[in-house]
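Me: I would like a close look at how side chains meet in this protein, with rings and charges taken together. Please work through it in one connected answer.

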Amino acid sequence: MAKLRVLSWNIRTFGSPAPNAEDLRRMAVIIVNSQADLVCIQEVQIGNGVVGTVGAPISQASRDAVEDLLTAVSDLDPKGNWWSDCSGVDSGISDHMRDAYAFLWKETPSASTLSHAEAPDGIEELSEPVILRQLNKDAFPGRRPGMFTVNVKTGDKVTPVNVISYHAPTPCNKFSKGSGSGYGINALATLPEIGGGVQCVDNRNWVYKESITPLPQIDTIVLGDFNFTMDDKWAAFTYKNLLENYQACVSSPGDVILTTYAPSSTQALRRISAYDNIFALRKHKTFTPALTFTQRGCIDFIFEESKILGEAIGFLTSGTEAAWYVIHQDQYKKQYAARGLSDHLPVWAEFTIGAVDATASHILPTSGVDNNCLLHAIFGVVVNGMYVDAAAGDHRKWLVAQLKVFGVSQAFPTGGNLTPVRNAILSSMVNEFDADPNATQGLQLLLANATNPFTVVGFAELFARYIASIGHGRMLYVHEAELFACLQNITVTLHYVNRGQYFTQTFNAGRPGPIDIYHQALHFSRWAP
């Protein structure tokens, strides 16, 4: 049975200034030796010249720092086939309360020579990291979490997982309306990707409302630096939603692992707080998780390096303590220090991936050969445990030929099941030309009215380019699933996850032998109802 290991680390003020090469190497050694399959880093600096809005891209210099760390990790573990990605800015408030999240992962964990037992066969990025927002009016306090979605592959089993990284606001260990880390932790339940209940004041008394937002229906891991120590007397109150609806994997009240050191180098080996943690969604009424927590760890690189140096200098009774002062100054990173690693210790949790579960078992593997995963999902049959459309190339050519007919006639078909064809094509063209603001604006205007697009100056040329992009073999878009349903006169039901919940959309309903497919990011899989 396969296992997934996830590591969380607040690498304080990472990227500003650019980390020293030796420090990057040390960080990479810690990450690789942890045998983690997926690594989540908090407090990536957004860099200079960045727009101060939520979700805005961070600076190239900060992205380069993450890439440098990726290179250092890859040099140590090339067979893991490591990748990385970064979120946008997590807050629109003051400079000292804005940063971003980075994610590193092994594409082929089981191939790594530095991997734990029973590692997954593969990890696939399903969507680039996004900063989470509250529905309707977004008033989330302080830094918002960043979410990264992956498919974890083991044999013919595919398990989608939302990994949510969070850096709570300061002041630490405070829970008051409008400020404090506890206020941010409590507000996590207002995000549909996390869900659950909140503590609120009712008639001047604190009351826990069991459900503010539905819990997710996809395996969800919430981790990071929560800035509220789990050994505080108010920890059970502050973390109530996460403790009830999620499994606390690193620390819980009464079972605490301290993850930060005292800032003073005169207090040797004294850890002082349990801010860093990992939580995994429990079973609830509409969901059975694939992931089951099995073991945890905290990597005390300060102690380990102190021990090595202490033994080297030959002190018989207090070598580790004596070496502490050197290691603390060399590797414990102060705010915006030019050297050092971090003031937080990395924590990790390992999860067994279940053989059968209530949601991921619906998702069946589909070939991605030649960017034809949509065609493999719709028309494919099972070959060696995977849906494959042997005629995918011909189906793509057929679509190109149909579209060229519309170009020649200077009109899209109408009537019956063909009426949605126009908007499906226009919506796909919006995706294709999203880097061209003028084209996007014109296409969106056409979507909003009933004008024949071919009567608009420039549309025919844009349409020809759209057809060419399909003919050249690009990945097909979700609206082109509707296009195939209408033009082939078949029913296609699309299953997808949005903000932690599963939804369906049916194209050309009512035809015999409906086909169910699953879509996330740019990949389509077959879906077993």
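The part I want to begin with is the ring of Trp-348: the charged end of which residue sits over that ring, and how many Å from its centre?

Reply: The model is a predicted one, and in it the charged end of Arg-5 sits over the ring of Trp-348, at 4.0 Å from the ring centre. A second arrangement of this kind involves Lys-240, whose charged end sits over the ring of Tyr-208, 5.1 Å from the centre of that ring.

From charges over rings one can turn to rings beside rings. Searching the whole structure gives 27 aromatic pairs. In one of them, the ring centres of Trp-105 and Phe-148 are 4.9 Å apart and the ring planes stand at 45°, so this pair is classed as tilted. The two partners come from distant parts of the chain, since Trp-105 belongs to strand β4 (residues 100–106) and Phe-148 to strand β6 (residues 146–154), with their positions 43 residues apart. Trp-105 has a relative accessibility of 3% and therefore counts as buried, and Phe-148, at 0%, counts as buried too. Another pair has a different geometry by its class: the rings of Phe-406 and Phe-412 have centres 6.0 Å apart and planes at 85°, so they meet edge-to-face. Phe-406 and Phe-412 are both buried. Beyond such pairs, one aromatic cluster is formed by Phe-140, Tyr-166, Phe-226, Phe-228, Tyr-239 and Phe-279.

The charged side chains also pair with one another. Side chains of opposite charge can pair when their charged atoms come close. The count for this structure comes to 18 salt bridges. One of them joins Glu-118 to Lys-3, with 3.5 Å between the closest N and O atoms. Because Glu-118 lies in the loop between β4 and β5 (122–131) while Lys-3 lies in strand β1 (residues 3–14), this salt bridge ties together parts of the chain that are 115 residues apart in sequence. Glu-118 is partly exposed, having a relative accessible area of 40%, and Lys-3 is likewise partly exposed, with a value of 22%.

A salt bridge within a single helix is formed by Asp-23 and Arg-26, whose closest N and O atoms are 3.6 Å apart; both residues lie in helix α1 (residues 21–33), three residues apart, which is about one turn of the helix. Asp-23 and Arg-26 are both buried, and they take part in a network of salt bridges that also links Glu-22, Arg-25 and Asp-330. Elsewhere, the side chains of Arg-474 and Glu-480 meet in a salt bridge with an N to O distance of 2.8 Å, and there, too, both residues are buried.

Helix α7 deserves a view of its own. This helix (residues 319–331) has 13 residues and spans 17 Å from its first C-alpha to its last, close to the expected 18 Å, although there is a kink of about 35° centred on Tyr-325. The buried residues of α7 are Gly-319, Thr-320, Ala-323, Trp-324, Ile-327, His-328 and Gln-331. Their packing partners are α1, β12 (260–261) and α6 (301–313).

Notes
Residues are numbered from 1 along each chain as its sequence is written. This is a predicted model: local features need pLDDT of at least 70, side-chain atom pairs count only at pLDDT 80 or more; totals for chains, interfaces and linings use all residues. Side-chain values use heavy atoms; hydrogens and water are left out. Rings of Phe, Tyr and Trp (its six-membered ring) pair if their centres lie within 6.5 Å; planes under 30 degrees apart count as stacked, over 60 as edge-to-face and the rest as tilted. Helices (H or I, at least four residues) and strands (E, at least two) are DSSP runs, numbered from the N terminus. Buried means under 20% relative accessible area, exposed over 50%, partly exposed in between (1.4 Å probe, protein chains only). A charge sits over a ring if NZ of Lys or CZ of Arg is within 6 Å of the ring centre and within 35 degrees of the ring normal. A salt bridge is a side-chain nitrogen of Lys or Arg within 4 Å of a carboxyl oxygen of Asp or Glu. The expected span of a helix is 1.5 Å times one less than its number of residues. The bend at a residue is the angle between axes fitted to the seven residues ending there and the seven starting there. Contact means heavy atoms within 4.5 Å.
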